[in-house]
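Welcome! Please take a look at the model below, and then we can walk through it together.

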Amino acid sequence: MAGTNLGARFYRQIKRHPALIPMIGFIGLGMGSAALYLLRLALRSPDVCWDRKNNPEPWNRLSPNDQYKFLAVSTDYKKLKKDRPDF
């Protein structure tokens, strides 16, 4: 019952103050973008290790050509050479 009452109150506030609609939209967009970025970091980042048994150090399996940063402005990863030993 409390959830229905909360939804009805929210609807009445939106109907009474329609200028809140863009603000709610931008807040929702920001929260969704932040959640998707955290999900990307959790799944694609070499710093996160979900499977310690089979791959305890995932950062050692990266080749120099792997781009793991979200945005690389001036680095061309295709031209990088290997400068570290294999483990």
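## The overall picture

The protein has two helices and zero strands. Keep in mind as you look around that this is a predicted model.

Of the protein's 87 residues, 8% count as buried. About 8,200 Å² of the protein is exposed, and 61% of that area is supplied by carbon and sulfur atoms. You can also look at how the chain meets itself: taking contacts between residues at least 6 apart in sequence, 14% join residues at least 24 apart.

## A nonpolar patch on the surface

Which residues form a nonpolar patch on the surface? They are Phe10, Met23, Ile24, Ile27 and Met31, and together they have about 500 Å² of accessible area. Helix 2, which spans residues 20-44, gives the patch its largest share, with four residues.

Phe10 sits in helix 1, which covers residues 2-16. Is Phe10 buried, exposed or partly exposed? Its relative accessible area is 48%, and buried means under 20% while exposed means over 50%, so Phe10 counts as partly exposed.

## The annotated stretch

Next, a stretch that comes with a label from a record. An unreviewed UniProt entry carries the annotation "transmembrane region" for residues 20-43. In the model, the chain over residues 20-43 is 100% helix and 0% strand. The C-alpha atoms at the two ends of residues 20-43 lie 35 Å apart.

Notes. Residues numbered from 1 in each chain as written. Predicted model: local features only at pLDDT ≥ 70, side-chain atom pairs only at ≥ 80, totals over all residues. Heavy atoms only, no water. Buried < 20%, exposed > 50% of the residue type's maximum accessible area, 1.4 Å probe, protein only. Contact = heavy atoms within 4.5 Å. Areas by Shrake-Rupley, 256 points an atom, 1.4 Å probe, with all protein chains shown as cover. Patch = residues over 30% accessible without salt bridge, like charges linked within 9 Å, V, L, I, M, F, W, Y side chains within 5 Å. Salt bridge = Lys/Arg side-chain N within 4 Å of Asp/Glu carboxyl O. UniProt positions renumbered as here; feature names shortened; annotations may be inferred.
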